[in-house]
Amino acid sequence: MKLFSALAALALALPASLCAQQPPTGLVHTPQVDLAYWVYGKTSAAVPVMAINGGPGLSHIYMMQNDVWPRLSHDRQVVLYDQRGTGKSTRLGTDAPMGMDAQVADLDAVRDHLHFDKVDLVGDSYGGMLSMAYAAAHPEHVHKLVLSDSPGPSWKEIDHLFPDVFPDILEKLPKPASADAPTEAESQQSLRNHFLMLFYSEQKRDAYLAGAKDLESAPKVGAAVQKATASMDLSSAIAKFNLPTLVLTGRYDMNVAPLTAWKLYKAIPGAKFGVFEKSGHLPSYEEPDKYVQVVGDFLKD
């Protein structure tokens with residue numbers, strides 16, 4: 001654990017713009033994949049946080065465009081990792097599955113490697129769905145759960161408003177030469193076009209995209225995960241949750257509309273609900289101070 005603390009201290013000393021460039025703290029070797037992870041903060045009595053990024057098919061880099069996670073690590077350790085097939089976790093076995101069982105097993109492998117008995121999960125976007133699946137499979141290891149602009153318990157339980165709110169932008173966006181097999185350049189541009197519609201503030205949007213030169217998209221991985229999880233439904237599982245849960249949403253999230261968060265809040269017994277009034281899909285970037293305060297206060301024992 002000394003190595004983790006030393007690297008975490010280094011990360012806290014760096015400007016936010018360099019946080020995304022840090023080499024992995026380590027690798028977790030499994031029969032199917034090597035999972036790269038990053039640890040921020042020192043070992044403490046506080047329950048560690050595992051922040052689970054969205055996508056699917058994105059690395060954790062999109063969450064590291066400011067210093068929210070290093071700031072939250074002042075009181076506890078915070079761990080991020082790249083999901084199988086993304087970012088620095090690309091050593092993947094032939095025919096390795098992409099379904100939710102495999103994703104849950106990967107998260108558990110990182111937790112076990114770090115010798116964490118209990119963790120707080122903060123799932124962002126699709127990471128919320130993965131966090132719910134993990135909490136359903138391993139409730140003994142989850143202390144608290146934060147679902148930040150998360151889909152519902154299944155892909156069909158998501159209110160997606162892009163066509164209703166951005167018809168003019170969608171019509172202007174270039175279409176790939178082949179919808180079935182877009183080029184790498186077309187896939188990366190499509191992702192950046194997607195991010196154009198994620199923000200409440202145009203200024204924050206432009207700053208984010210200027211700083212995020214490479215979002216480390218793996219579109220084939222994303223498509224494989226969505227295909228493998230298309231029929232998954234965690235509705236019955238979340239109705240039985242017996243752990244403190246906080247559901248968060250940006251008021252102007254058109255990617256996963258606040259109605260989705262409201263339904264999640266209503267479906268999980270005893271859950272709390274929070275809204276970021278000047279945010280779209282990424283309140284941790286648009287309202288970072290409030291995000292650190294809200295999440296930090298909830299995670300306090």
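In this predicted model, Arg111 has a relative accessibility of 6% and counts as buried. The side chain of Arg111 meets that of Asp108 in a salt bridge, with an N to O distance of 2.9 Å. The whole structure contains 11 salt bridges, and several of them are described below together with the pairing around strand 6.

**Salt bridges involving helix 4**
- Asp108 and Arg111 are three residues apart in helix 4 and are therefore separated by about one helical turn.
- Asp108 is likewise buried, at a relative accessible area of 16%.
- Asp106 pairs with Arg84 in a salt bridge whose closest N and O atoms are 2.6 Å apart.
- This pair connects distant parts of the chain, 22 residues apart: Asp106 belongs to helix 4 (residues 100-113), and Arg84 to the loop between strand 4 (78-81) and helix 4.
- Asp106 is buried at 3% relative accessible area, and Arg84 is buried at 2% relative accessibility.

**A salt bridge between two loops**
- Glu277 and Arg251 form a salt bridge through their side chains (2.8 Å, N to O).
- Glu277 lies between strand 8 and helix 13, and Arg251 between strand 7 and helix 12, so their contact ties together parts 26 residues apart in sequence.
- Glu277 is partly exposed at 38% relative accessibility, as is Arg251 with a relative accessible area of 37%.

**Strand 6 and its partners**
- Six of the seven residues of strand 6 (residues 142-148) are buried, so this strand is largely enclosed by the rest of the structure.
- Strand 5 (residues 119-124) pairs with strand 6 in parallel over six bridges, with Val119 opposite Val142.
- The connection from strand 5 to strand 6 passes through helix 5 (residues 126-137) as a right-handed β-α-β crossover.
- Strand 6 also runs parallel to strand 7 (residues 245-250), joined by four bridges; Ser148 has Leu248 as its bridge partner there.

Conventions: Residues are numbered from 1 along each chain as its sequence is written. This is a predicted model: local features need pLDDT of at least 70, side-chain atom pairs count only at pLDDT 80 or more; totals for chains, interfaces and linings use all residues. Side-chain values use heavy atoms; hydrogens and water are left out. Buried means under 20% relative accessible area, exposed over 50%, partly exposed in between (1.4 Å probe, protein chains only). Two strands pair if DSSP finds at least two bridges between them. A crossover is right-handed if, with the strands pointing away from the viewer, the path from the first strand over the helix to the second runs clockwise. A salt bridge is a side-chain nitrogen of Lys or Arg within 4 Å of a carboxyl oxygen of Asp or Glu.
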